[in-house]
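Good morning, colleagues. I should like to take you through one chain this morning, beginning with a single residue and widening the view from there.

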Amino acid sequence: MHFELTSDQSQLQDAARRLSQGKLQPLLAAHPATKPLPKAAMLEIFGILAQFGLTGARVPQEFGGSGLGMLDYGLVFEQLPGVVALALIAHEGTISRLCASGVAQAEPQLIEALLLGTKIACTASTEPTTGSDPKSIKLRIRHAGGDAFLTGTKQWITNGTIADVALVTGKTEAGGELQRFLVKREESPFHASEIACIGLQQGHLSELSFEDVRVPGRNSLPEGASTMKTLTQAWLINRPLLGLLALQLAQRSRDIALAHLKDRVQFGETLVNKQLIQNALVDIDASIAAARLLCLSALDAADRGLATQALSAMAKRQALTTADHAAGIAMRLCGAMGLATETGVEQNLRDIRMITIPDGTHEILTLIAGREITGASAL
Ligand SMILES: Cc1cc2nc3c(=O)[nH]c(=O)nc-3n(C[C@H](O)[C@H](O)[C@H](O)COP(=O)(O)OP(=O)(O)OC[C@H]3O[C@@H](n4cnc5c(N)ncnc54)[C@H](O)[C@@H]3O)c2cc1C
């Protein structure tokens, strides 16, 4: 068992850090911190990520994917700013789902544009009345004259307002079966608006409204074994990736807290000299290191074909619990300064809270892991 990165992985990680600090952070800093970025800025970001092969991390190489291993993807992913990472996982995850549904063969130019980052994608499953239980989807599909007409609302959709294409799931009016569509916004216009949230405020979390929106019949995606496999594969990877992202945000708060404590004098000496402070810092470091290893091991298992839903669910669950707790302690250790927006500590905590929900809440992840451990489903 090797815990050391290979020289290639170290170089990749360094390059990702430089990309994040040199290009992505300045781009984000050039825009207001509390408003969704303009689409032009997001296109620039996706263009940068495309040069790095990240838009096609999970896309097979025969369709233009980068052939990046999932562990390597994780090492890069954890270096990205939160807003960028979440937008990427939605965009890149949608491209890989489209490829698995035959869109790469039918529409190679569309896939090429998505991989280059000149077009943006999103996946729209969640609805106002459908969250953890995806089978209860209500968006209505009416078939007429070879076309489909979609009516309903999708909510909490990452990249929704800026997306050129959406992978939309609905239920047929006639038989009540779930059916997925590639919805091209130019061809099938739908309304999209932003939902203001606690964190990741430069990102796009959107509500999409469909009112009898016509989608050509050819844009219906086939359901089959490969579709189900892609969906479950997506969770195997998304969950540890989101875990790494949350831990990275907690780590940033820990770094800010440590710098503050080295500087801050109370009771005649710097606070880092106090035993209780050292105890808190050790708790943070030990818990982040342990949860990060669990996430990396889940991605490594995916590379070796050994990933399980329980492992990936536990990785996200452990990482988010740890990140939330560690970032909370880091905030406390900064005293009142931890509450001030200027330190960035409070923003990290708000951003972590955002990541707790997508791709499985704490309870859902618990039930998934519990089902695999016990063989009994409590979902
Ligand atoms: C930042 C962000 C990005 C997102 N991106 C997307 C996207 O791109 N596309 C998309 O389709 N959706 C997206 N979502 C939506 C996300 O997938 C849902 O919010 C999530 O599935 C939870 O659904 P819900 O919010 O309706 O919560 P609910 O399902 O209503 O759950 C509410 C609470 O009840 C608990 N709960 C639910 N079922 C059970 C149970 N059986 N036993 C015990 N407790 C239970 C949950 O854990 C939670 O605490 C995103 C959400 C966020 C916050």
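Let us begin with Thr169, which is found in strand 4. The model is a predicted one. Is Thr169 buried or exposed? Its relative accessible area is 11%, under the 20% cut-off, and therefore Thr169 counts as buried. Leaving aside neighbours within four places in sequence, Thr169 is in contact with Ala124, Ser125, Glu127, Ile137, Leu139, Lys154, Leu178, Gln179 and Arg180.

Please now look at Lys171, whose place is also in strand 4. Lys171 has a relative accessible area of 24%, and is therefore partly exposed, since that class lies between 20% and 50%. With the neighbours within four places again set aside, the contacts of Lys171 are Lys135, Ser136, Ile137, Leu139, Arg140, Ile141, Gly176, Glu177 and Leu178. For a sense of distance, the C-alpha atoms of Lys171 and Asn238 are separated by 25 Å, and these two residues are 67 apart along the chain.

I turn next to strand 3, residues 147-158. How many of its residues are buried? The count is 9 of 12, and strand 3 is accordingly described as mostly covered. Strand 3 has an antiparallel partner in strand 2, residues 140-144, to which 5 bridges join it. Within that pairing, Ile141 has Leu150 of strand 3 as its bridge partner. Strand 2 and strand 3 form a hairpin with 2 residues between them, and in the turn Gly145 has a positive phi of about 55°. Strand 3 is also joined by 9 bridges to strand 7, residues 205-216, and this pair too runs antiparallel. Here Lys154, which we met among the contacts of Thr169, has Leu208 of strand 7 as its bridge partner.

We move now to the helices. Helix 2, residues 39-51, packs with helix 4, residues 82-100, at an angle of about 75°, the axes being 11 Å apart. Helix 2 is therefore roughly perpendicular to helix 4. Which residues make the contact? Helix 2 contributes Met42, Ile45, Phe46 and Leu49, while helix 4 contributes Val84, Ala87, Leu88 and His91. By class, the contact comprises 7 nonpolar residues, 1 polar residue and no charged residues.

Both of these helices also take part in the surroundings of helix 6. Helix 6 spans residues 108-116, and its buried residues are Leu110, Ile111, Ala113, Leu114 and Leu115. Those buried residues pack against helix 2, helix 4 and helix 5, and also against strand 1, strand 4 and strand 5. Strand 4, where we began, is thus among the elements that helix 6 packs against. After helix 6 comes Gly117, with a positive phi near 80°.

Finally, the annotations. In an unreviewed entry, UniProt assigns "Acyl-CoA dehydrogenase/oxidase N-terminal" to residues 6-92. That span is 63% helix and 0% strand, with its end C-alpha atoms 25 Å apart. The UniProt entry, unreviewed, places the domain "Acyl-CoA oxidase/dehydrogenase middle" at residues 122-213. In residues 122-213 the figures are 0% helix and 52% strand, and the end C-alpha atoms lie 17 Å apart. For residues 237-373, the unreviewed UniProt annotation reads "Acyl-CoA dehydrogenase/oxidase C-terminal". There the chain is 76% helix and 3% strand, with 20 Å between the end C-alpha atoms.

Terms used:
Residues are numbered from 1 along each chain as its sequence is written. This is a predicted model: local features need pLDDT of at least 70, side-chain atom pairs count only at pLDDT 80 or more; totals for chains, interfaces and linings use all residues. Side-chain values use heavy atoms; hydrogens and water are left out. Axes are lines fitted to C-alpha atoms, for helices over the stretch in contact, and angles run from 0 to 180 degrees between N-to-C directions. Helices (H or I, at least four residues) and strands (E, at least two) are DSSP runs, numbered from the N terminus. Angles under 35 degrees count as roughly parallel, over 145 as roughly antiparallel, 65 to 115 as roughly perpendicular and the rest as oblique. Contact means heavy atoms within 4.5 Å. Ala, Val, Leu, Ile, Met, Phe, Trp, Tyr, Cys and Pro count as nonpolar, Asp, Glu, Lys and Arg as charged, and the others, Gly among them, as polar. UniProt positions are given in the numbering used here, feature names are shortened, and annotations may be inferred rather than shown by experiment. Buried means under 20% relative accessible area, exposed over 50%, partly exposed in between (1.4 Å probe, protein chains only). Two strands pair if DSSP finds at least two bridges between them.
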